[in-house]
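Colleague: I am new to reading models like this one. Could you pick one part, look at it closely with me, and then show me what surrounds it?

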Amino acid sequence: MQVHEQGAATGAQGEERIQVWFIGAGPGDPELITVKGQRLIAEADLVLYAGSLVPEAVVAHARADALVVDSAPMNLEETHACIMRTVAAGGMVARVHTGDPSLYGAIREQMHLLDAEGIRHAVVPGVTAGFAAAAASSTSLTVPDLSQSFIITRLEGRTPVPDTEKLRDLARHRCAMAIYLSAANPQGIVDELRAGGLEDTVAVIVAYRVGWPEQKLVHTTIGGMLEAVREHGLHRQTVFLVLPGEDGSARFSKLYDPGFPHGYRRSRNDA
């Protein structure tokens, strides 16, 4: 059994023990990285970033004498060797990933290699594209009475999906979904959503390169999604927000309802 002590990687003493930081850069907007992530990039001796998805502006605050390397053309062995050269020299590494490192971030294999060599590492979370798309489109992913869960998933492609996580089966829950890494097969997305019982009228937001200067947000439906993708040429780096709860009705949380008491406020009826 592994036990992670609360706060073990925080504070000056805890951070001194960390040799490699996996940092979530957010979806593209350089201002959507955490304060901690930005600070660690500025302190690192090596900044290793996924240049195909992380804009250079995110790593622009690296020290002038730091080594800044784009990992896009590198394989796992090459990125690990690059990290280990810095660690062996006593330096600290900022390994910068797009979005949040824990989501489709390929950090498991990197951490496995570091663990095998006894290298201490930690993760700084980041804003993932699904949440950034919801924010950019002013969308609430949860709707009272209709949708209280949010699923992040992908369509099966070159990377398989477990039989228990087929898109059609997840669609049957009728909760909000963010579909990642599937823009190459929009027809497959539509087919699976329909097979899961979702109507063509269900709202969809097609979000392309959220947070980048060329960001596009297309409001459509399952029935109109294929045409929207073709019209705007959204073939990669696109997230699909599927929103069965957005039926046009006025449904509001009870949190601020004057008749709804909670631990910090009495009900108007109790006054």
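**From a loop to the core**

Modeller: Asp145 is exposed, with a relative accessible area of 66%. Happy to walk you through it, and please keep in mind that this is a predicted model. Asp145 sits in the loop between α5 and β6, and its phi is near 75°, a positive value in a residue other than glycine. That is worth a pause, since most residues other than glycine have a negative phi.

Ser138 lies in that loop too, between α5 and β6 (150–154). You will find Ser138 just after α5, with a phi near 50°, which is also positive in a residue that is not glycine. Is Ser138 buried or exposed? Ser138 counts as exposed because its relative accessibility is 70%, and the cut-off for that word is over 50%.

Now step back from the loop into helix α5, which spans residues 129–136. Here the picture turns inward: Ala129, Gly130, Ala132, Ala133 and Ala134 are the buried residues of α5. What covers these buried residues of α5? Among the elements that do so are β7 (176–180), β8 (203–208) and β10 (238–243).

Let's follow β8, one of those covering strands. Six of the six residues in β8 are buried, so we can call this strand mostly covered. Look at how its side chains are arranged: Ala203, Ile205 and Ala207 point one way, while Val204, Val206 and Tyr208 point the other way, and all of them are buried.

Which strands pair with β8? One is β9 (residues 216–221), which runs antiparallel to β8 and is joined to it by six bridges. As an example to find on screen, Val206 has Val218 of β9 as its bridge partner. The other is β10, which also pairs with β8 in the antiparallel sense, over six bridges. There, Ala207 is matched with Val239 of β10.

From these strands we can move on to the largest nonpolar core, which has 26 residues. Met177 and Leu193 touch the most other members of this core. At least two residues each come from α6 (167–171), β7, α7 (186–195), β8, α8 (225–232) and β10. The largest share, four residues, is supplied by α8.

Try centring your view on Met177. Leaving out residues up to four places away in sequence, Met177 touches Phe150, Ile151, Leu167, Leu170, Ala171, Leu193, Leu198, Phe240, Leu241 and Val242. A second, separate core has 21 residues, including Ile33, Ala44, Val58 and Ala66.

For a last stop, let's visit a buried residue with a polar side chain contact. His80 belongs to helix α3 (residues 76–88). His80 counts as buried because its relative accessibility is 13%, and buried means under 20%. What does the side chain of His80 meet? It makes a polar contact with the side chain of Glu117, at 2.8 Å. Setting aside neighbours within four places in sequence, His80 is in contact with Leu113, Leu114 and Glu117.

To retrace our route, begin at exposed Asp145, go back to the buried residues of α5, cross to β8 with its six buried residues, and finish the core at Met177.

Key: Residues are numbered from 1 along each chain as its sequence is written. This is a predicted model: local features need pLDDT of at least 70, side-chain atom pairs count only at pLDDT 80 or more; totals for chains, interfaces and linings use all residues. Side-chain values use heavy atoms; hydrogens and water are left out. Buried means under 20% relative accessible area, exposed over 50%, partly exposed in between (1.4 Å probe, protein chains only). Contact means heavy atoms within 4.5 Å. Two strands pair if DSSP finds at least two bridges between them. A nonpolar core is a set of buried Ala, Val, Leu, Ile, Met, Phe, Trp, Tyr and Cys residues joined through side-chain atoms within 4.5 Å. A polar contact is a pair of N or O atoms within 3.5 Å; within protein, one must be able to donate a hydrogen and the other to accept it, and residues adjacent in sequence count only if both atoms are side-chain atoms.
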